2 protein chains.
Amino acid sequence: MNNIKIHDVGMRDGLQNEAKIVPTETKIKWIHKLIESNIDIIQIGSFVHPAKVPQMADTDDLFKYFSKIEHKPVLSGLLLNEKGMERAINCGVEMFCMGVSASDTHSKKNTGMETIEAQKRIIAIAQELIKLGHKVQVSVQSAFGCGFEGKISEEKVFEIVKSYIESGINNISLADTAGHAYPEQVTRMFAKIKNAYPNSVLTCHFHNTYGLGMSNCYSAINEGVEYFETAFGGLGGCPFTKVAAGNVCTEDLIHSINRNRNFEQINIDNLIEVSKQAEQFFEKKLEGYIYRAGKLNY
Amino acid sequence: MNNIKIHDVGMRDGLQNEAKIVPTETKIKWIHKLIESNIDIIQIGSFVHPAKVPQMADTDDLFKYFSKIEHKPVLSGLLLNEKGMERAINCGVEMFCMGVSASDTHSKKNTGMETIEAQKRIIAIAQELIKLGHKVQVSVQSAFGCGFEGKISEEKVFEIVKSYIESGINNISLADTAGHAYPEQVTRMFAKIKNAYPNSVLTCHFHNTYGLGMSNCYSAINEGVEYFETAFGGLGGCPFTKVAAGNVCTEDLIHSINRNRNFEQINIDNLIEVSKQAEQFFEKKLEGYIYRAGKLNY
């Protein structure tokens, strides 16, 4: 069995989809609790223009605050361009995450560029960060299907991964932005990458649009994927649709893995507490199960 | 890949947990739609005392009505004892389902008997029905864990299965009554049974208490389990707790399997329609995803 590591993205991918702004002091409280849970990586914000995503306006401040704290998990941030890279370097980001959408339509809507252009630009940024000695992860967004285009060619996704590897980027995430992934597809795609690049470090990121997030994680576990991007409470999903499309819930995944192997270094109670506080704050039931059902104690 | 068959238990396991009584004419309308969806088996009620579960009071009438209809899926009913068997035979049940809990505590609460006694009684009923030429399925309830006892010995579950097989009962279901099952356990238990009894016909039945229903189905699919007991809309779960613990959602499972193989004989739109009508009737969001998110059309 491979060593599974948790990268919680609730503070970024979860919160950015919520209209109600979380005050910085509340974020600090939640991040402290997440740190105490002993997960491996916490994504605490993204470097996007504050006018575009007001929920992320305090990202630099959060990094400045938390980068001074010792004995903590790795703190990651999402950046979209050169400007974001500068901000991220200046405020103490420890792991630099970025991505390119495998869907031209999605890529154009997000960046104004089709996949191939966005890919060149992101690879250049990633290479610069690697040269500076930083930890970098690059993802393929919409890797399993696209809300605009539907089917995404598995070959195209593989070619993007190949371009990352050939550019010296070894830490690669496949992100199921629209939640279209299904278990056999997850198996097929990660198996192909692991087979071609056995030394690559792979991450998966699934959304629950069709209820398959957890099943897809199990397929990824079975293919040797090591990093799981999940969100406390199962937060996430687009606020402009009625469809639940949250991230895989961090504490649900940990609780489940724990049933069959020892994952004791993680304190699940702290994660549950953050999810309960988020439920109170947003005044709505979150998608996660364990924070409501309680842990099984055997 | 094995041939997967769907046994929808929403009209029984789904409705029995709802306080609001569904009028018989509404049930008839829903069952007609389920029939038109072309799934393999529909469980339309249980033979329990009407005072105990008023929602099931019209079970005999429903069977009398639907047993006259031609070109339909198999209609199954759940029976608990000899009295139920008589009622079931008299109203035209086509598949007789019954079960024994692997948890002594659960068994005593349900039947007044510990597992071993309940087991003898149910096996005797099953054998009589088989002798009369009827189609019979016997389940192990609480097969993956118990809300009262916690852990259930996998050996005990296997011994119950063995007693069924040795009594000439070949159609066996493992039911995760409390929703404690996790994927590796599902793999382990079904693999052991299939290995010992390769000619057995196996069914699984999972609840979503901890968000693992779909993942457990995929483990079962990979072990060659053929029948999946699921409920339209993901209905089910105990009305006395706040915890979501619905069944695996029929249309979600079919939608998901469809992504990787041809399951075209099933008309998923009819299932979605029943779920939407149930959502309106019960005036609450159901646990299923597809009836809200819509199908993917590629």
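**Entry 1: B:D40**

I looked up B:D40 and found it in the loop between α2 (24–36) and β2 (41–47) of chain B. Helices here are DSSP runs of H or I of at least four residues, strands are runs of E of at least two, and both are numbered from the N terminus. The model is predicted, so local features need pLDDT of at least 70 and side-chain atom pairs count only at pLDDT 80 or more, while totals for chains, interfaces and linings use all residues. Residues are numbered from 1 along each chain as its sequence is written, and chains are lettered from A and ligands numbered from 1 in the order in which they are written.

Is B:D40 buried or exposed? I noted it as partly exposed, because it has 17 C-beta neighbours inside 10 Å. The cut-offs are 20 or more other C-beta atoms within 10 Å for buried, 12 or fewer for exposed, and partly exposed in between, with C-beta atoms placed from the backbone.

Leaving out residues up to four places away in sequence, I listed B:K5, B:I6, B:H7, B:P73 and B:V74 as touching B:D40; contact means that C-beta atoms, placed from the backbone, lie within 7 Å. I also checked B:G92, which is 52 residues from B:D40 in sequence and 17 Å from it in space, C-alpha to C-alpha.

**Entry 2: chain A**

I counted twelve helices and eight strands in chain A. Its C-alpha trace spans about 45 × 40 × 40 Å along the principal axes. Chain A has a radius of gyration of 18 Å, which agrees with the value near 19 Å for a compact globule of 298 residues; the radius is taken over C-alpha atoms, and the globule rule is 2.2 Å times the number of residues to the power 0.38. Buried residues make up 53% of the 298 in chain A. Of the contacts in chain A between residues at least 6 apart in sequence, 71% join residues at least 24 apart.

**Entry 3: the two copies**

I laid chain A on chain B: the RMSD is 0.0 Å after a turn of 180 degrees and a shift of 0.0 Å along the axis. The two copies are thus related as by a two-fold rotation axis. The superposition is by least squares on C-alpha atoms of residues with pLDDT of at least 70 in both. In chain A, the C-alpha nearest the axis belongs to A:S215, 2.1 Å from it.

The contact takes 28 residues from chain A and 28 residues from chain B. On the chain A side, α8 (183–196), α9 (213–222), α10 (250–258) and α12 (290–293) each give two or more residues.

Technical notes
Contact = placed C-beta atoms within 7 Å.
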